[in-house]
Amino acid sequence: MPELPEVETTRKKLLPLLRGKTLLKVLHQDPLRYRNTEGAEGERVLDLGRRGKFLLFALTGEKEMVVHLGMTGGFRREKTPHARVEFVLEDGCLFFHDPRRFGRIWVVERGAYGEIPLLARLGPEPLEAFPFSPFYQGLRRSQRPLKALLLEQRLAAGVGNIYADEALFRAGLNPLRPGRSLSEEEALRLHRALRAVLEEAVALGGSTLSDRTYQQPDGAPGGFQTRHAVYGRRGLPCPRCGGPILRLKVAGRGTHFCPRCQA
Ligand code: ZN
């Protein structure tokens, strides 16, 4: 699933293509997944922001188009067999490609996220103001395993399976540890590791896995997959100690870690 670095890369690549452009038509056949899109027609794109894994298109008319890429969604400049939505601009088209159809689009009054509860209750952005104290307090209040806590989006927005595993490895913390078991020093390591991993991944354009579902809008792959220390590396040697990487299910998600390096 696209996580913060993939969504941020998409944002950066789309912004110059869309800023100032009018969305003449938004064409699709699925009004349940892509809601109220007629409300965006005729409006100009003023800016493109991001919260967690959501793309936020600021439109004229005090409107906002919110896009969640879901499991396999992405924007493409070329039409694909799985193009579900076609955005007609003055100077061309842009496509929302989504083979598995988990992506969603909403057009709302700016900032009115009542029908998007996941967006309304996101925690802080880890690459912006990301104060340590509430992060630590959030960990201390929970018995849940670290991996589950990171996926909840309340400690930090936009972290998913890949970057949770990589940040926990970098922090040297076992994904099964309950949040409240962390010392302040350990919580600080996790806080720093999250920022570092996400910053590096954004700089490299995100991670394109072997299924190649995530691509940048121009079709280029990301580059962070070559830096994965644990994610998707079950049975392969840990880059730190050489022991085998294990994979377990935590909170229903495949979780990769080194049992020697992550205590
Ligand atoms: Zn190791």
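Trainee: What geometry does the site of the zinc ion have?

Mentor: Keep in mind that this model is predicted. Look at the angles among the four donor atoms, which run from 101 to 114°. For four tetrahedral donors, the ideal angle is 109.5 degrees. Four donors get the label if all angles lie between 85 and 135 degrees, so the site of the zinc ion is tetrahedral.

Trainee: Which residues coordinate the zinc ion?

Mentor: Each donor is an SG atom, sitting at 2.2 to 2.4 Å from the zinc ion. Along the chain, the donors follow the spacing C-x2-C-x16-C-x2-C. The residues are Cys-238, Cys-241, Cys-258 and Cys-261.

Trainee: Is Cys-241 buried, partly exposed or exposed, and why?

Mentor: Start with Cys-261, which is buried because its relative accessible area is 17%, and the cut-off for buried is under 20%. Cys-258 is buried too. Cys-241 has 30% relative accessibility, so it counts as partly exposed.

Trainee: How many disulfides does a search of the whole structure find?

Mentor: A disulfide is a covalent bond between the sulfur atoms of two cysteines. Here the SG atoms of Cys-238, Cys-241, Cys-258 and Cys-261 coordinate the zinc ion. For disulfides, the search of the whole structure comes back with zero.

Trainee: Now the largest pocket: where does it lie, and why there?

Mentor: The largest pocket holds about 620 Å³ of space and has 28 lining residues, with Met-1, Pro-2, Lys-53, Met-71 and Arg-253 nearest its centre. By class, 11 of the lining residues are nonpolar, eight polar and nine charged. Two domains both give residues to this lining, so the pocket lies between domain 1 (4-121) and domain 2 (132-257).

Key. Residues numbered from 1 in each chain as written. Predicted model: local features only at pLDDT ≥ 70, side-chain atom pairs only at ≥ 80, totals over all residues. Heavy atoms only, no water. 1 Å grid on protein atoms, 1.4 Å probe; cavity = no way out; pocket = protein on both sides within 12 Å on 5 of 7 lines; lining within 4 Å. Points joined across faces, edges and corners; volume = space filled by probe spheres on them. Nonpolar A, V, L, I, M, F, W, Y, C, P; charged D, E, K, R; others polar. Domains from an automatic or database assignment. Donors = N, O, S within 2.8 Å, 3.2 Å for Na, K, Ca; no water. Tetrahedral: all angles 85-135°; square planar, octahedral: opposite > 155°, others 65-115°. Buried < 20%, exposed > 50% of the residue type's maximum accessible area, 1.4 Å probe, protein only. Disulfide = S-S within 2.5 Å.
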